[in-house]
Amino acid sequence: MAYRKVCDAQGGPLVGEGLHCSGGLDLDWDLEKEELQEPGPGMDRMQMQHVECQRSGCSDPGPDPDPELMEPIQPSVSVSPHGRFERLQEDPNYISHFTRAPGHKGQRRLHCFLLRYFLGGIGLFILGLLIGWFTHTPTVKRTASLPESSDLLEELLKGITADKIDALQRSFSSLSDNSEEARARYLYRQWVGLGLTDVHLSNHTVLLSLPGPTPNTITDRSSHQCLLPTGVPCDQRGPSDLLKQQFSYAAYSAVGSLQGEVVDVQYGGVDELRRAKESLNITNQIAVLKLGKAPLLYKLSLLSEMGFGGVLLYIDPCDAPHGQNIWNQAFRVTLNPGGNPAIVGVSKEAAGSLTSLLVQPISALLASTLLSSASSAPGDLCTPIAMPPNTERKKITLTVGNQWSYKKIYNVVGYLKGRRNPDRYVLVGSHHDGDQGGGASAIMNQLIAAFTEQTKRGWVPDRTTVFCSWGGSALGNIGSYEWGKDNSVVLQSSAVAYVSLNSPVRGTETLRAGASPTLLQLTSDIQRRQLLSCIRGGNCPGPNVSSLQLPGDVNFFANQLAVPTLEFAFEQTKAEEATSFLSEAQFSDNSPKTLDPLLKFHETIAKMTAEAILRLVNDPVLPFYSLDIALDIQNKLKDKSVLSPSLLSSASSLRDHAAFFQSETMRPANDPKERDPSHVRMLNDVLRDLEKSFLIPHPPPGVYRNLLYSLPGRSQFSILRFSEEVILHCNTTSKPVKHKSGDQEVLCYSTMNQSLALILQSIRSAERLVCFGLELFQNYPSDTI
């Protein structure tokens, strides 16, 4: 507030805050730096200070004061310690000699009387303001007294312990009714009791593919011996084999019986299929296929186009995780790429079969028997299963009797509302239909308890956290797909990230983290910090973060919406290409106690996930890094032999713009003094939407639409790898490969040139978005005092 010289006009009217004096000195008063002096006793005697001013500078000055009744005062100028302003200061030795004639006594009493009432009214007004302030802003006061973010994180992690997770897991496992509906309703009650004030329980009626009343069988036509998928003879079936049948089938396979010869196709690669076609008649034959190296749906699409009629799936013991005995175990797979396969107006049989192939998982023991393989049993030096050369192929009858049924699946969704950006959502997802030994539901409940405990202490997140427990995950991530499709319009514009708890502990050997390139830096930083206090007492693995395709319910959000995702998990799997996609096999549930008796691994995953959630909901600027996307793209384009100069140039240009965009110069929102809410919000939206530029239409089956995710063992773009394979496959089959994607048919998926064009289009789209972000701060106003 600026004050100027004021004229005592002896009752004349005031203009503005004072009478402006011509030629007077402008004086600035910094109310934040100086303290106002309290009025002393001299106020009762109405001592007044007069400043001489020219009559021409005051409006309506009134009668001139009597010079004999006044004594001029010389102003004393002082400079503040900060040196930023000047002010007038009273002379401490000054004593007013101003007196009035006796005739003004009554007027002075009236003035004094009015002044007292005026001062009293001001005092009451100020008192009311203070009472109102302290009465109506307790939340603000509590929030202001909260500790810093590092202290908040420390308090949050203190609330997560293995003992608490153990108690939650035992409570969840003790349910008398193990149906999905009972589990979902239990979680609903738990979340409400833990402090979430907005929890929803929803259901969807979907078409499920389930085991039939009789087990699927494989019959050797030469010996007429009937075998179960585990390799046990049908006539020796025991009570335990009935339970294993629930995990010994391929959901949404075609049904019926097929007679044919077994054909060893190993991992189903293009070279392996070409050799089989050149030497054998494979029409309506039964392929014996290993899991691994490529998505199952992609390999099945090739086998179907080659003319096979059936497929027997197995896991080679040489690929199995260390210490896991799968020799006598069959497993379950799903052929559903996601969502409810039911089609309105189509029969259950027609809708339920998502492939023309009869597909059946079998044990490694049975695969070795059918292929007459000399592979060794567990414990010996591992020899991969393979049919010896010049071996007579067995003739079998494959019978698949799956059945379809419409049933309800349930989702539980709870909200922890944000304050500044309540319409920006950080999704945290797990599933409750069988947990598969991961203890995901117990970790989810522990996270909810930890976060709601902090809100009770006054903390309010910036963004909204959405806790999700999905149903129907085992048969194709049905619950997450249906909820995601119902809310896709909102999620496309408001979802910030998806944090996955698909199967957090599926081994104890390796700590792995999967994240989209946007979140690689955050994920790596969290992993490093947590490994400093490693549960192995110093023998800790280094950070292991990649942008591989993630299994589970994360699929819809990463693959269909390009929402940035991350996931932490302990695994037992080897880090080799052959073992990739083994997670597509689902074995019978194991108790979390079996894998992790002390639940220390569960505690580690819970703490790492909690830190990621806190950063995503609380950081003013999202912890996303556009430069990591640009670097990842250049890494995928290392093989320059098939690349055009325009593609390499665009990738380099994106890197330059992303580096500039990520620099401190172009991100003033990192400085709280310069932070402007509207600019921060626009900046975060640009960071969030970068991955959407890399969604492509109609990828090969089992391959993500999001180009930023890669397949194990490959650093190139997935569609470039499959373009090379498909061209070879088209040459082998002498006909185009067809598959339905949406409402269109794509011939041979795409040629190499088409794939390169899609990549170039995505890079240029991302660059335009980065340039738009740069324009937001091109003329960013800086706050100056």
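Select glutamate 453 to begin: with a relative accessibility of 33%, glutamate 453 counts as partly exposed. The model on screen is a predicted one. Add arginine 457 to the selection; its side chain meets that of glutamate 453 in a salt bridge, 3.5 Å from N to O. Arginine 457 is partly exposed as well, at 44% relative accessibility.

Side chains of opposite charge can pair when their charged atoms come close. How many salt bridges does a search of the whole structure find? The search finds 27.

Next, select lysine 417 and aspartate 198. Their side chains form a salt bridge at 3.6 Å, N to O. Lysine 417 sits in the loop between strand 15 (403-416) and strand 16 (421-431), while aspartate 198 belongs to strand 5 (residues 198-210), so this pair ties together parts that are 219 residues apart in sequence. Lysine 417 has a relative accessible area of 46% and is partly exposed. Aspartate 198, at 22%, also counts as partly exposed, because buried means under 20%.

Move to aspartate 316 and lysine 290. Here the salt bridge spans 2.7 Å from N to O. The two residues come from distant parts of the chain, 26 residues apart: aspartate 316 is in the loop between strand 11 (310-314) and strand 12 (333-334), and lysine 290 is in strand 10 (residues 286-290). Are these two residues buried or exposed? Both aspartate 316 and lysine 290 are buried.

For the last stop on charged pairs, select Asp423, Arg424, Arg681, Asp685, Arg688, Asp689 and Lys692. Salt bridges link these residues in a network.

Now switch to a cartoon view and look at the sheet. Eight strands make up an open sheet with mixed pairing, in the order 5-15-17-16-18-21-19-20. Strand 5 and strand 20 (545-546) are at the edges with a single partner strand each, so one side of each has no neighbour in the sheet. At the strand 20 end, strand 19 (residues 510-515) pairs with strand 20 in the parallel sense over two bridges. To see one position there, select alanine 513, which stands opposite valine 545 in strand 20.

Two helices to show with the sheet come next. Helix 5 (residues 180-194) packs on the sheet and touches strand 5, strand 15 and strand 17 (463-470); its direction makes about 5° with that of strand 15. Helix 11 (residues 440-456) also packs on the sheet, touching strand 15, strand 16 and strand 17, and its direction makes about 150° with that of strand 16.

Go on to glutamate 603, in helix 17 (residues 600-618). Its relative accessibility is 13%, so glutamate 603 counts as buried. What is glutamate 603 in contact with, leaving aside its neighbours within four places in sequence? The contacts are Ile160, Thr161, Ala162 and Ile165.

Finish at helix 19 (residues 645-662). Its 18 residues reach 26 Å from the first C-alpha to the last, close to the 26 Å expected at 1.5 Å a residue. Colour its buried residues: Leu647, Ser650, Ala651, Leu654, Ala658 and Phe661. Looking down the axis of helix 19, these residues fall within an arc of 100°, so they line one face of the helix. What covers them includes helix 18 (626-636), helix 20 (677-689) and helix 22 (752-776). Then turn to the face of helix 19 that points away from the buried side, where the exposed residues Pro645 and Asp656 are found.

Conventions. Residues numbered from 1 in each chain as written. Predicted model: local features only at pLDDT ≥ 70, side-chain atom pairs only at ≥ 80, totals over all residues. Heavy atoms only, no water. Helix = DSSP H or I, 4+ residues; strand = E, 2+ residues; numbered from the N terminus. Expected span 1.5 Å × (residues − 1). Buried < 20%, exposed > 50% of the residue type's maximum accessible area, 1.4 Å probe, protein only. Arc of directions from axis to C-beta. Contact = heavy atoms within 4.5 Å. Salt bridge = Lys/Arg side-chain N within 4 Å of Asp/Glu carboxyl O. Pairing = 2+ DSSP bridges. Axes fitted to C-alpha atoms, helices over the stretch in contact; angles between N-to-C directions.
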